[in-house]
Protein chains: 2
Amino acid sequence: MEEIRDTNSQDQTAPARRVRISDLATALGLTKSTVSRALNDYADIAPDTRERVRTMAAQMGYAPMPYAQAVRTGRVRALGLVLELDAPDRYGPFLADFLGGITQEASLEGWTLTIASSTSRADMEATLARLLQEHKVDGFILPRTRIHDPRALFLRAKGVPFVLYGRVGYGQPDPGLSWYDVDGRGAMRDGVARLVALGHKRIAFVGPCEAYNFAMLRRDGYRDGLALAQIAHDPALEIMGVSDRAEGAAAARALLDLPDPPTAIVYATDATALGAYDVARERGLTIGRDLSLIAYDGIPEGRMIEPPLTTFAVDSRHAGERLAALLIAQLRGAPVADLTELVSAQLQPGGSDGPPVFTKRET
Amino acid sequence: MEEIRDTNSQDQTAPARRVRISDLATALGLTKSTVSRALNDYADIAPDTRERVRTMAAQMGYAPMPYAQAVRTGRVRALGLVLELDAPDRYGPFLADFLGGITQEASLEGWTLTIASSTSRADMEATLARLLQEHKVDGFILPRTRIHDPRALFLRAKGVPFVLYGRVGYGQPDPGLSWYDVDGRGAMRDGVARLVALGHKRIAFVGPCEAYNFAMLRRDGYRDGLALAQIAHDPALEIMGVSDRAEGAAAARALLDLPDPPTAIVYATDATALGAYDVARERGLTIGRDLSLIAYDGIPEGRMIEPPLTTFAVDSRHAGERLAALLIAQLRGAPVADLTELVSAQLQPGGSDGPPVFTKRET
DNA sequence: CGTAAAGCCGAAACCGGTTTCGGACGCGAT
DNA sequence: ATCGCGTCCGAAACCGGTTTCGGCTTTACG
């Protein structure tokens, strides 16, 4: 152990003597300006000099101090993320994966993630402004986009780079933005198609607050699915504004109490779909037989419950990775217009969907 | 809207012309060195000069650039947190609260939070070293302490300030460390006492992997409770190494299959206690009557399930706040020995505990 | 009234880099 | 041999602060 750490033990004895660019310069017999330009790929440096500097830097373990660079360049190589603490669903269990994805990708490129939080929507802008004013970050990742997102407007007005998790401007997409999104619309369409294939004809939809962009998209996907199956859209079977398990249960009750109840419900989120399990237990219904469910998100509880929830799973870690990559690319000067990615959710079959049983009247 | 933003719109026209310390100095008719010392509470500045500088700084909206300061001071006013992505329980739903607590408290003091992640234990030290080497953080918050925590050793050897969420060194507490912890031992003791008061005499315990410090402490709390009630400790009723719901269920089965099964189980974590609900459903037992449960954590699922889980809830947000405060205090030079906090978990009564029914033999 | 000790501020170096500018040198063409 | 041009590197300014040092005023005191 002692021998292995020999090179380090010099640091121990001479504690924290980190190698600076001037050390490198004297070791090479160059000036620090030349070394700096060699490391930053300036054109006026001879190729073999550049190489000499590179190898010596690696050998001596030189690493520039980001903040010393920042004094001149104004860039700190840090990504910013502001969590909304007042959000209804608190990010659920995805946050760890999401953060893991961002930080892993960022560290690969030598960037870090700085996070802050806001307790209210008004607070949000102040928090963004503070991080900016202190130059703690170079750009932002904005999760949970709304249809009209004030954060995006605010940052764009300031000329600060950012990337969105989810699109904004439902119906009229904004070309000047960079985003990553999961195709919730396609997933909902496929979900309806799957239920139709099983024989369902009355299929309901339960979605969240309409202010969120994804809510509208998923609802549209549901309608797409109906249209593709040539099933008429019944407004009574579409309930919006549902954001947690209890409200999901209430929605299920309301739907089952209709004169002509649905045999299947597509939920826009897993968390709300769990409410249907509660209602099924209340009424003695068997999920997957008396009532079929398909949802979206892929939360762990969905796999634990009996029968497991059929859902379209979102890969939060991948989302984090790609968002970080997109933002870094943007900060490096890539044109914003090219920086969009749409991926599809992955179907995770459970036991919550099956062929319908027609207890009341047949169609 | 336009009028309200009038003061900001000046920034719009003269974009990003931030006020530097030299601007302040010329406006005041002082030199920047004097201004700097006035703002940093140096003793050799006249009180009224200090005040004059303060008010002018506020008026002109001066805010120092942290990284410019850092070049000289070596402090970036950033807290570091490294998430372990390979942890068994993925932080569950607490992460958002925890992060919220840290960032809220940190931003109050003008600090920010930088996070990174490690995919393995070996990776962890490399990640810590990288953040340190790049001077991205001044100190660390270390969650999930183990009995022998390599991170603590590593950072202490480097002389880097840090604070632990949870204590280390079970049995032989280390005086040179700063930590915040929730008294899991006391909670488990009280949990046993509560069950004893209800009439239980055979009380089991299910705990997680013994490498974690909190696992040992909670187990000790269970034993404390038995001792206080003068109940002999039966090793057969104590199962360790249980970390998720399925394993919690397996433990419950094992306990119920004993020749003299327990009437109550104390689980060290809510997540594992949920497994007992599954077993109860399998065997037609009623939780809270045929089998009583008390657990620890306060996860949301525990409140949703029927009957709600009686548990000792941990306030993750408060933990984050206090950890940030402790670390900042330490970074400001407070003696490490004083920086420890032990809070008690709050009992959250549910319906999972009740008087025992003696189906087999009476005692 | 003289002098030493505070009190208070300015000048300049410094932190670790980046960037601009200009000059030395080598080379081919005239 | 001279000129011109391109290549390559050094010198020095710069970024936005902090900190050391020294000197000029006051004040306290003998």
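Here is a short walk through how chains A and B sit together in a predicted model.

First, some ground rules. Local features need pLDDT (the predictor's confidence in each residue, from 0 to 100) of at least 70, side-chain atom pairs count only at pLDDT 80 or more, and totals for chains, interfaces and linings use all residues. Residues are numbered from 1 along each chain as its sequence is written, chains are lettered from A in the order in which they are written, and side-chain values use heavy atoms, leaving out hydrogens and water.

Chain A has an average pLDDT of 89, with 93% of its residues scoring at least 70.

Now let's look at the symmetry. Chain B lands on chain A with an RMSD of 0.2 Å after a rotation of 180 degrees and 0.0 Å of shift along the axis, superposed by least squares on C-alpha atoms of residues with pLDDT of at least 70 in both. That is the relation of a two-fold axis. Within chain B, B:Thr114 has the C-alpha nearest the axis, 2.1 Å from it.

Turn next to the interface, where 50 residues of chain B are in contact (heavy atoms within 4.5 Å) with 49 residues of chain A. Because 94% of the interface residues of chain B are also interface residues in chain A, the copies meet through the same surface. Together the chains bury about 3900 Å², taken as the accessible area (1.4 Å probe) lost on being put together, summed over both; 55% of it lies on carbon and sulfur atoms. In chain B, the most area is lost by B:Tyr67, B:Ile115 and B:Lys136, together 16% of what that side buries.

Conventions:
Buried area = accessible area lost by both parts, 1.4 Å probe.
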